[in-house]
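Reader: I'm new to this one. Could you walk me through how its labels are earned?

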Amino acid sequence: MSNRLQNEKSPYLLQHGDNPVDWYPWCEEAFERAKREERPVFLSIGYSTCHWCHVMAHESFEDEEIAGILNQEFVCVKVDREERPDIDAVYMSVCQAVTGSGGWPLTIIMTPEQKPFFAGTYFPKQNRYGQPGLLDILKSVSDLWKKEKEELQITGSEIAAAVCERRITAKKEPEKALLKKAYDQFRRQYDGKWGGFGGAPKFPTPHNLLFLMEYSLLENVPEAAEMAEETLEAMARGGIHDHIGGGFSRYSTDEKWLIPHFEKMLYDNALLILAYLKAFEITGKAVYKQSVCSTADYILRELTEEKGGFYCGQDADSEGVEGKYYSFTKKEVLSVLGEEDGQEFCRLYGITERGNFQGENIPNRIGQAKEGWQQDDFRLAKLYEYRMNRVRLHKDKKCLLSWNAWTILALARAGWILSEERYLNGACQAEEFIEAHMRDEKGRLYLRFCDGEAAHPAQLEDYGVYALAMTELYRITFRAEYLEKAVKAAECITELFQDEKGGYYMTSKDAGKLILRPKETYDGAVPSSNSVAAMVFWELAALTGNTKWQGAAEEQLAFLAGEAEEYPAGHSFALLSMIKAFSGKRELLCAVKDKVPAEFIEYLRKNPQNELYVLVKTAQNAKVLSECAPFTEHYPLPEKGAVYYLCENGACRQPVTDFNELVLVY
């Protein structure tokens, strides 16, 4: 049997296309039918690589008995949270308000007017160990709807009103005390034995680690960087790191990073590249560079589609078993590598007869003093090829704009700092993919591309991260069209998403209406969209000298300072923007006749930590540059060579023609 999801592009929706449940995608038709037939709406939200989504699908949504009651008593709607993060944000806030927690799969039952009166996450088919079963829940709700519909509608209206009630937070001037408060919160949560914060499960949350390293540099607090670096090293040693194929899994189920939840997500790996790069910049340690390269190579090898975009991720399950693809017996290792190399691998990577995971082994380097094999070691390649012959992991082959943009930013920066052209090339190709496939005729961006189709208007996060990626590409290549794209994306943010009371909404002003127009400030697995917007405005203010962006940055940072006051550790990406503001900035315009001098490029490559914002003006880009950064119009082009105009914290120095005369270090 097939249902309406058969016609969708989302891998998650297609996974449910053969369910006996009469699913609708989120659409007006579903809610119109619910109103016409006076039925409640059963909403299920998940994503294609979610382990418990698969479990609930097999137990319930493939079950004829469950399908029978759903089809008879409800109108059923399936949503891919990665395609529609706005819908997910609205109803996740409902679940958290009603139950005190959340997660996926997300289960909501609501009125035809989209007002929820029941919320939860995973439910087994039958009652189990005190947990209610979906079958009984559906029967009870169906009975209540018939007998007490008005009461359920009142409950739905009350819940909707509660989640729509906005807490208005006063704007505040950002202060260093807020950074110190966040650092103290992280310090109290820090696991001094295994790294990371709190107990199991442990998530990488790279933006928290970036904050700690930047705070350490700003305030000269070595302990902050040590927490971040010890965590990065522990993750690199642990089973959460794929020592054979590269990249990192979603999170660790134990305190020492040994047993991961095996799904690999694009955004985690992109953000981890940024964190490991920062640690490498600070320390120069090889372990951080190796982690960057293995992760970037994994993305290019396994998550890159033929047109240059990046796929969302890979599943945790193989043949219905979580982690089966990644684990090894000692016998397998010896058969692939031979006795001598096999025994060495087993010693170095914790492979034993007993095993460390369901009788098998997750390769790891926990507690190992001796150096492991290099990522390009041919023996690791043997194990990788052997593993590739297993039943392949499901791959979510849709491209999300914001996740692609994080990856463009990460690969571009890795290519620049490590002098690896393949990473920068991968970033540029992905940008070309977005330009060719994820922009409409009016210049607006799409949220996702899948199977030849772009769909869903881009949201705040998409425009924000895309703008950041474009500023990064500009700072590396000095191609003015990247800066122009960043400026246009930022203009879309202020035009389409702004809330006059402060901050920016998740969805545009012309988006379809939900019961709530969500606004996120709290960081989750990725930085919040409002924090990203603050960073965009600060970067453009520094690069363009345009007071419009300076004002937008100051307004947004004041808004976020108010939002972060209670728990600043939950707003680490916003704090990174504040660190930039406290650090000051230096602007350098290089007006050049032909090409940028090689010694200048080399200096920039070797000193990436210096907050130097560089514009390059040439005869070819002068017009575009003046539109993005109007002040550049007044700087003449030299007849030969280059002229450097350096300004620092509002004071400009005498222009010079000899690069060596510039004092570019603090």
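**From values to labels**

Author: Sure. Keep in mind that this is a predicted model. Let's start with strand β2, residues 41-46, which is mostly covered, with six of its six residues buried.

Reader: What makes a residue of β2 count as buried?

Author: The cut-off is under 20% relative accessible area. V41, L43 and I45 point one way from β2, while F42, S44 and G46 point the other way, and all are buried.

Reader: How do you know that β2 pairs with strand β3?

Author: Pairing takes at least two bridges. β2 and β3 (residues 75-80) have six, in the parallel sense, so they count as a pair. One of the partners is V75 in β3, bridged to V41.

Reader: And what makes β2 and strand β4 a pair?

Author: That same cut-off of at least two bridges. Five bridges join β2 to β4 (residues 106-110), and these two strands run antiparallel. Here the bridge partner of V41 is M110.

Reader: Now the helices. Why are α16 and α18 called roughly parallel?

Author: Angles under 35 degrees get that label. The axes of α16 (residues 401-418) and α18 (residues 460-477) cross at roughly 20° and come within 8 Å, so the two helices are roughly parallel to each other. Their crossing is left-handed.

Reader: Which residues meet where α16 and α18 touch?

Author: Among them are L401, W406 and W416 in α16, and Y466, L468 and I476 in α18. The residues of this contact divide into 13 nonpolar, one polar and four charged.

Terms used. Residues numbered from 1 in each chain as written. Predicted model: local features only at pLDDT ≥ 70, side-chain atom pairs only at ≥ 80, totals over all residues. Heavy atoms only, no water. Axes fitted to C-alpha atoms, helices over the stretch in contact; angles between N-to-C directions. Helix = DSSP H or I, 4+ residues; strand = E, 2+ residues; numbered from the N terminus. Parallel < 35°, antiparallel > 145°, perpendicular 65-115°, else oblique. Left-handed = near helix turned anticlockwise from the far one by under 90°. Contact = heavy atoms within 4.5 Å. Nonpolar A, V, L, I, M, F, W, Y, C, P; charged D, E, K, R; others polar. Buried < 20%, exposed > 50% of the residue type's maximum accessible area, 1.4 Å probe, protein only.
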